[in-house]
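Work through the exercises below with the sequence and the coordinates open. Try each task before reading its solution.

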Amino acid sequence: MLRILFAVLLVPPALALADSPPPPPFPHPQQPQTHFASPQPAAAAAADAAHLIQLSYSSQSAAQSAYDALSSTHDIWAYDATSFHLAASPSALSQSLPPSSSDEPPLLTPLSPLSTLLSQPTLQPSYNLLASSALISNLSSLSTTDRSSLLRGDEMHSSFHPLDNLVELMRALVDESPMYAEMVEIAKSAEGRIVWGLKVTNRTHQHPHPGDDDDFEDEEEDGEEMDEAELMRKKKHGRKGGKGKKRPQFPHKLGFVVAGTQHAREWISASTALYAAHQLLLSTLPPSPSPPSHLQSCPRLLDIFEFTFIPVVNVDGYAYTWTSDRLWRKNRQVVDPKSRCVGIDLNRNWGHRFEKGQRPNACSEAFAGDEPFQATELLGLSSYLSNSSNHVAAFVDLHSYGQMLMFPWSYSCKKRTADDEDLFEAAIGASKAIRSVHGRSFEVGSVCQVSLSSPGESVDWTYADAKIRWSFAVELRGGVYGFLLPPSQILPSGEETLAGLVSLAEFVAKKEAAKKIV
């Protein structure tokens, strides 16, 4: 059998520091004093558990079995069809590895001591806190003209931002562009924090521009599942009803929701969502330099869509990564008052095909909870997504890391959605747009095919239950840094992701928008 291997570039500390961002225009933060411990296995903290290890298997089924066996006791960082990364000590891992169903044992590749990454100044929360606070201080002290000038630059993307500062920047963008932006309350967390969204649209334009095509074919009912044989039979014989019918014109804008940071440690997803919202708003502000060709449609898209950017869904967990544990994944909800373990993996707690027993250990990084939508943050988010007044037609869930652009299903590789062909076409176009910016390639396919199967994920629920036909999950760039990307990666990640989002929006507009303004 063909073993798939992955080349890993190990960056020496001296070279890694060269990737740090240039000094910001405000006072440069001093060397941070706070250092965070490396993640430990959930079940037994080992003194030498400061390594990131890649396990490579010769088949997807072998990788899936190992993942299921190890995820309750080890911190899984990233995975794809035949390999995954986990944080463990080599000695502890050798004792806990499940027996392989094949003759070949997994290939173990030590990647990098996590302490090497955590010791770098720009990766520390304290560095980013100082840089972010300096920016907020400047915003509050500048004149209106200078404040506008600052908000039109890239300074806000030179560091990561703690939750309060991130919300402050969202409010600043609303103040700067009141005709195009507004804050919306999405949900409340277990600890009482508000999950904020930033809605971006042309608020003076009430109806979408027409699409380019006069005729649209009726599609299969959203959420319908088909096996491989049925899908091929429908492609061969065509859709029932022959010639397509004209799709009715929409008297409303289409909702497009972009959510980030379901997993607390994935800071780049929050910063990427903020960048995308910022750039859409900048496209409306004259005078502005001519945007790249792939972004020239942004002002028109704001006439068609109401974009809602939710940089941080897991607000409690995100706040916790800034004060206590940089690599915390779950939310901070108390599930069992008698247990020392807290938190639910939000992206295992959605209602479609939820499986309580999949990750039964409450101490596991991937603990799904005892029942669907037990996580309080998801109650509000799912309500927003399914609210008919929001007309949500597209949903993109941002994660890190792995450079993947995926669609349903996650729970099974044996089924395909009724819209599999269109979803694949949309994702391929977005992947090409992403690659055109910085040359990064994003793998395309269903979550189960590209990654590993997992019940209770967001895109399965949005597609099947909320009837959001255009549902996607994106694993952003990570590379050798994994979750610990330096701030210098915020801009390139935002630039390429925005290109992908614009491509998806244009595709959805072509399929869904009305022919004429109503």
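**Exercise 1: Backbone around β10 and β11**

Tyr 401 sits in the loop between β10 (392-400) and β11; helices (H or I, at least four residues) and strands (E, at least two) are DSSP runs, numbered from the N terminus. The model is predicted, so local features need pLDDT of at least 70 and side-chain atom pairs count only at pLDDT 80 or more, while totals for chains, interfaces and linings use all residues. Residues are numbered from 1 along each chain as its sequence is written, and side-chain values use heavy atoms, with hydrogens and water left out.

Task: Which residue does a cis peptide bond join to Tyr 401? Then find the cis peptide bond of Trp 409, and describe Gln 403.

Solution.

Step 1. The partner of Tyr 401 is Ser 400, and omega of this cis peptide bond is about 10°.

Step 2. Trp 409 is joined to Pro 408 by a cis peptide bond, with omega about 10°. Trp 409 is located in the loop between β11 and β12.

Step 3. Gln 403 lies in the loop between β10 and β11. Phi of Gln 403 is near 55°, which is a positive value in a residue other than glycine. With a relative accessibility of 17%, Gln 403 counts as buried (buried means under 20% relative accessible area, exposed over 50%, partly exposed in between, with a 1.4 Å probe and protein chains only).

**Exercise 2: A positive phi before β14**

Task: Where does Lys 467 lie, and is Lys 467 buried or partly exposed?

Solution.

Step 1. Lys 467 is in the loop between α15 (458-464) and β14 (470-476).

Step 2. Although Lys 467 is not a glycine, its phi is positive, about 60°.

Step 3. The relative accessible area of Lys 467 is 41%, so this residue is partly exposed.

**Exercise 3: Disulfides**

Task: How many disulfides does a search of the whole structure find? Assign the handedness of the pair Cys 341 and Cys 363 and of the pair Cys 413 and Cys 448.

Solution.

Step 1. A disulfide is a covalent bond between the sulfur atoms of two cysteines. The criterion here is a pair of cysteine sulfur atoms within 2.5 Å. The search of the whole structure gives two.

Step 2. In one of these disulfides, the sulfur atoms of Cys 341 and Cys 363 are 1.8 Å apart. Both cysteines lie in the loop between α11 (315-323) and α12 (376-386), and the pair ties together parts that are 22 residues apart in sequence. The torsion about their S-S bond is about 65°, so the disulfide is right-handed. Cys 341 is buried at 9% relative accessibility, and Cys 363 is buried at 18%.

Step 3. Cys 413 and Cys 448 form a disulfide with their sulfur atoms 1.7 Å apart. This pair links distant parts of the chain, 35 residues apart: Cys 413 is in the loop between β11 (404-407) and β12 (416-417), and Cys 448 is in helix α14 (residues 447-450). Here the S-S torsion is about -95°, so the disulfide is left-handed. Cys 413 is partly exposed at 31% relative accessible area, whereas Cys 448 is buried at 2%.

Step 4. With the bonded cysteines of the chain numbered in sequence order, the pairing reads 1-2, 3-4.

**Exercise 4: Salt bridges**

Task: How many salt bridges does the structure hold? Which residue forms a salt bridge with Glu 191, and which residues are joined with Arg 469 into one network?

Solution.

Step 1. Side chains of opposite charge can pair when their charged atoms come close. A salt bridge is counted when a side-chain nitrogen of Lys or Arg is within 4 Å of a carboxyl oxygen of Asp or Glu. The structure holds 11.

Step 2. Glu 191 forms a salt bridge with Arg 193, and the closest N and O atoms are 2.7 Å apart. Glu 191 is partly exposed, at 45% relative accessible area, and Arg 193 is partly exposed, at 30%.

Step 3. Asp 420 and Arg 416 meet through their side chains in a salt bridge of 3.6 Å, N to O. Asp 420 is buried at 9%, whereas Arg 416 is partly exposed at 24%.

Step 4. Arg 469 and Glu 512 also meet in a salt bridge, at 3.1 Å from N to O. Arg 469 lies in the loop between α15 and β14 and Glu 512 in helix α16 (residues 490-512), so the pair ties together parts 43 residues apart in sequence. Arg 469 is buried at 5%, and Glu 512 is buried at 11%. Salt bridges that share partners join Arg 469 and Glu 512 with Asp 419, Asp 422 and Lys 511 into one network.
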